[in-house]
2 protein chains.
Amino acid sequence: MVLYPEIIERLLEKLKKLPGIGPKSAERIIYYLIQQKDADVISLGEAIISLKNKVKLCRRCFNFSEGELCNICLDEKRENIICVVEEVKDLISIEKTNFKGRYHVLWGKISILDNIKPEELKIPQLIERIKNEKVEEVIIATNPTMEGENTSIYISEILKKIGIKHSRLAIGLPVGSELEYIDTQTLKKAIEGRREL
Amino acid sequence: MVLYPEIIERLLEKLKKLPGIGPKSAERIIYYLIQQKDADVISLGEAIISLKNKVKLCRRCFNFSEGELCNICLDEKRENIICVVEEVKDLISIEKTNFKGRYHVLWGKISILDNIKPEELKIPQLIERIKNEKVEEVIIATNPTMEGENTSIYISEILKKIGIKHSRLAIGLPVGSELEYIDTQTLKKAIEGRREL
């Protein structure tokens with residue numbers, strides 16, 4: 001019985017380990033690559049290799065960075081407000097709002113289910129930063145999920161003890177949404193968080 | 001506004017082109033890779049590069065091959081029965097049944113919707129093979145889908161003219177299935193194709 005050549009089997013194994021890629025999609029990717037131009041496939045391989053060679057994490061805020069400090073940390077015009085996010089993709093989302101402060105990427109959220117403890121996230125480093133930097137405010141921008149909320153509460157307790165001003169992103173109705181389609185929990189939070197006009 | 005470092009943006013673009021990978025999964029793959037060991041990521045990149053350097057298509061049957069001819073074509077014990085399949089993955093499936101003949105991979109199926117014509121598949125090469133090799137029988141093993149059926153009919157017409165014995169995989173009930181869950185078309189084909197006992 002003949003299966004794939006050794007090289008393909010090896011690549012299949014590696015691709016299957018990537019998030020969201022199962023055995024069938026790994027096969028489809030290989031069929032696709034085999035049919036592409038040599039140069040395109042080689043440049044994909046090289047881009048993956050250079051990811052590890054050239055991208056590191058900013059030693060201050062843990063954003064992606066090509067140097068010791070990321071471009072945001074190097075930007076002296078940024079305000080000393082730290083926005084705490086779970087992942088770099090959340091930082092990217094907030095950047096798009098034209099937020100002009102700084103960030104701190106936790107690289108995850110506290111999770112009882114997945115057994116992720118505060119020490120495994122960049123929480124100790126956040127506390128260290130707050131003690132050493134002149135921080136005006138900390139905005140906790142973890143996701144409004146159960147685990148994101150728990151992480152927010154945990155961080156908030158610490159910040160209260162340190163005595164630093166901190167806030168949480170508002171929970172409410174998304175812009176352009178219609179009340180009849182909003183879930184009850186969100187609507188309840190929107191009422192609680194109503195703003196006087 | 002700061003987005004990802006250049007290297008990440010470039011890799012995102014490349015990953016998004018792969019089949020089944022959208023912008024979100026491309027991001028998730030990058031987060032995953034960033035957190036893996038250097039050696040693992042580098043070996044993934046290298047495996048992709050060597051795919052193009054080392055794997056080609058067998059010049060006879062168009063199976064994947066590390067040399068001019070694939071291991072199946074080189075195997076002199078194989079019978080001279082050619083099983084025609086759409087893709088290499090179909091060849092792999094048939095190999096698992098312990099089939100001891102040879103193969104011919106079409107690299108697709110005739111499709112009016114996708115505008116794929118017979119000349120774009122390995123059909124001319126199949127005809128050439130049949131004329132030059134001592135072939136006892138051709139088993140058409142394209143998928144039992146509309147396009148697979150059309151491809152089968154097209155090839156069958158040609159083989160009739162050449163005057164070579166050829167057959168089509170049986171359509172019927174899958175082993176272990178239950179009649180109540182079988183679609184009507186399959187059941188109809190199973191009745192038409194019934195075998196005398």
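**Exercise 1.** Within what distance do the axes of helix α3 of chain A and helix α2 of chain B come, and at roughly what angle do they cross?

*Conventions.* This is a predicted model, in which local features need pLDDT of at least 70 and side-chain atom pairs count only at pLDDT 80 or more, while totals for chains, interfaces and linings use all residues. Residues are numbered from 1 along each chain as its sequence is written, chains are lettered from A and ligands numbered from 1 in the order in which they are written, and side-chain values use heavy atoms, with hydrogens and water left out.

*Solution.*
Step 1. Locate the helices: α3(A) covers residues 38-54 and α2(B) covers residues 23-34. Helices (H or I, at least four residues) and strands (E, at least two) are DSSP runs, numbered from the N terminus.
Step 2. Give the geometry: the two axes come within 10 Å and cross at roughly 50°. Axes are lines fitted to C-alpha atoms, for helices over the stretch in contact, and angles run from 0 to 180 degrees between N-to-C directions.
Step 3. Classify the angle: α3(A) and α2(B) are therefore oblique to each other. Under 35 degrees counts as roughly parallel, over 145 as roughly antiparallel, 65 to 115 as roughly perpendicular, and the rest as oblique.
Step 4. Give the hand: this crossing of α3(A) and α2(B) is right-handed. The term applies if the near helix is turned clockwise from the far one by less than a right angle, and left-handed applies if it is turned anticlockwise.
Step 5. Name the residues: A:Ile48, A:Leu51 and A:Lys52 of α3(A) meet B:Ile30, B:Leu33 and B:Ile34 of α2(B). Contact means heavy atoms within 4.5 Å.
Step 6. Sort them by class: five are nonpolar, none is polar and one is charged. Ala, Val, Leu, Ile, Met, Phe, Trp, Tyr, Cys and Pro count as nonpolar, Asp, Glu, Lys and Arg as charged, and the others, Gly among them, as polar.

**Exercise 2.** Describe how α3(A) packs against helix α1 of chain B.

*Solution.*
Step 1. The axes of α3(A) and α1(B), residues 6-16, come within 10 Å and cross at roughly 145°.
Step 2. The crossing of α3(A) and α1(B) is left-handed.
Step 3. On the α3(A) side the contact includes A:Ser43, A:Leu44 and A:Ala47, and on the α1(B) side B:Ile7, B:Ile8 and B:Leu11 are among the residues met.
Step 4. By class, the contact of α3(A) with α1(B) has eight nonpolar, two polar and two charged residues.

**Exercise 3.** Which residues of α1(A) and α2(A) meet?

*Solution.*
Step 1. Helix α1 (residues 6-16) and helix α2 (residues 23-34) of chain A have axes that come within 9 Å and cross at roughly 130°.
Step 2. α1(A) and α2(A) are therefore oblique to each other, and their crossing is right-handed.
Step 3. From α1(A), A:Ile8, A:Leu11, A:Leu12, A:Leu15 and A:Lys16 meet A:Pro23, A:Ala26, A:Glu27, A:Ile29 and A:Ile30 from α2(A).
Step 4. These residues comprise eight nonpolar, no polar and two charged.

**Exercise 4.** In what order do the four strands of the open sheet in chain B stand?

*Solution.*
Step 1. The order is β4-β3-β5-β6, with parallel pairing. Two strands pair if DSSP finds at least two bridges between them.
Step 2. Find the edges: β4 (102-105) and β6 (166-168) of chain B each have a single partner strand, so one side of each is left without a neighbour in the sheet.
Step 3. The twist averages 25° from one strand to the next.
Step 4. Follow one pair: four bridges join β3(B), residues 81-85, to β4(B), and B:Val85 has B:Val105 as its bridge partner.
Step 5. Add the helices: α6(B), residues 123-132, touches β3, β4 and β5 and makes about 150° with β4(B). Helix α7(B), residues 146-162, lies across β3, β5 and β6 at about 165° to β6(B).

**Exercise 5.** Which domains does the assignment give for chain A?

*Solution.*
Step 1. The assignment, automatic or from a database, gives domain 1 (6-54) and domain 2 (74-176 + 185-190).
Step 2. The C-alpha centres of domain 1 and domain 2 of chain A lie 35 Å apart.

**Exercise 6.** Where in chain B is B:Trp107 found?

*Solution.*
Step 1. B:Trp107 is in the loop between β4 and α6 of chain B.
Step 2. Its phi is positive, about 60°, although B:Trp107 is not a glycine.
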